[in-house]
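Biologist: Could you take me through one part of this protein in some detail? I would like to follow the strands and the nonpolar core that goes with them.

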Amino acid sequence: MTTPPFSPPPDRPLSARQRGDLVRALAAEVGFDDVGFARAEPLDPEPFDRFVREGLSADMDWLRDERRLDPAKVLEGARTVAIFVKGYYDPNQRPGWIARYARGADYHNILMRKLRRLRRRLHALDPGVRTYGSVDFGLLPEKAWAQRAGLGWIGKNGCFITRTQGSWVLLAGLVLDREVEPYDRPHEDFCGTCTRCQSACPTDAFPRPYVVDARRCISYQTIENRGAIPDDLKEGTSSWLFGCDDCQEVCPWNERFARPTDEARFHPRPGGLWDVPLERLLTMDEVEYEERSRGTPLARPKHFGVLRNALLAAGARGGSELARLCEAHLDHPHPAVRDAAAWALQRVVRKG
Ligand code: SF4
Ligand code: SF4
């Protein structure tokens, strides 16, 4: 991001252009890679409605919360939505069984800290401005706004893709009750005739291009699902412990434009769960799991969720030692773990 020079005018309110320059300068100062601006006009509800109506959102009906569709419902007098981009790609990391974004510190905390610093500086330099900030779990569908703000497009794999660093990026959003200049134009779609992601999905989670059926997506199943993994998805899910990157690893925009992150907290931290062997995960107790996952995305599915996923992986791998470790979980207190242990044992027997 090129940082425009900015000097606040003494004792005069900022113009819309000065405000745009200020937010761009602050975005660079706190370490975001890019920023774009869109007018805070309501989003078209139809794609969100259809997604929920067709049951593709699994149990995430909050996606259709009407406050998410109109920034004026989260900030009275909303005029502008600013979206900030931060890349997390680490070229030293090979594809593995934990999604790339989840091998370091929790990105919510990393992006939220940057956003808080930016807001503090903005409120000091543009007195009276009111803002609402969001990172993923707030009330802004950041990907839709990022496309509107000219930063990239939502690809056929449902991920947000930029032309400068592919899709290994995370987004933060800020609604302002002030105008900025200039607003960016919505970004066009550069997927073209490519269908690589559609063919790469292990669980056939794309009912059509651009739409991911959360119920079939490994990311949803391994992280958000608190119950048993459905039988017809167990095999496809068994190569992932947390999340899934298969439809991003094959994307040509990532092959050509992935850019190393300058944010050290995205790198895997020593002693983290990302390199723990499967055998060790199957014997790790809840207390140790909580300690080692604290402050990382792996805290979200909790010990029982990751144990369930690890059991499926053990079943797919097979072997008498793993079978013995799976057997030990047949009477686990959580039904999803018992279900995975039983599947894993059957799978090992079938293989053996
Ligand atoms: S994240 Fe994995 S399971 Fe989900 S759509 Fe992409 S390839 Fe399919
Ligand atoms: S793999 Fe191809 S179709 Fe899929 S998101 Fe990337 S460019 Fe688009």
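Modeller: Happy to; here is a walk through the strands, then the core. This is a predicted model, in which local features need pLDDT of at least 70 and side-chain atom pairs count only at pLDDT 80 or more, while totals for chains, interfaces and linings use all residues. Residues are numbered from 1 along each chain as its sequence is written, and chains are lettered from A and ligands numbered from 1 in the order in which they are written.

Let's begin with strand 6, residues 169-176. Strands here are DSSP runs of E with at least two residues, numbered from the N terminus. Eight of the eight residues of strand 6 are buried; that word applies when 20 or more other C-beta atoms lie within 10 Å of a residue's own, with C-beta atoms placed from the backbone. Both faces of strand 6 are covered, with Val169, Leu171, Gly173 and Val175 on one side, and Leu170, Ala172, Leu174 and Leu176 on the other.

Now for the partners of strand 6. Strands count as paired if DSSP finds at least two bridges between them. Strand 2 runs antiparallel to strand 6, and eight bridges join the two; Lys86 has Leu170 of strand 6 as its bridge partner. Strand 3 (residues 131-134) also pairs with strand 6 in the antiparallel sense, over four bridges, and Thr131 stands opposite Leu176.

Strand 2, which covers residues 80-87, pairs with strand 1 as well, antiparallel and over six bridges. Asp34 has Val85 in strand 2 as its bridge partner. Strand 1 (residues 34-39) is mostly covered, with five of its six residues buried.

That brings us to the core. The largest nonpolar core has 90 residues, and Ile83, Leu311 and Ala344 are those with the most contacts inside it. Domain 1 (16-176) and domain 2 (203-243 + 269-351) both give residues to this core, so it lies between them. The domain bounds come from an automatic or database domain assignment. A nonpolar core is a set of buried Ala, Val, Leu, Ile, Met, Phe, Trp, Tyr and Cys residues joined through C-beta atoms within 7 Å.

Finally, look at Ile83. Beyond its neighbours within four places in sequence, Ile83 is in contact with Val35, Gly36, Glu142, Trp145, Ala146, Ala149, Leu151, Leu171 and Gly173. Contact means that two C-beta atoms, placed from the backbone, lie within 7 Å. Two of these contacts, Leu171 and Gly173, sit on one side of strand 6.

Terms used: A residue is buried if 20 or more other C-beta atoms lie within 10 Å of its own, exposed if 12 or fewer, and partly exposed in between; C-beta atoms are placed from the backbone.
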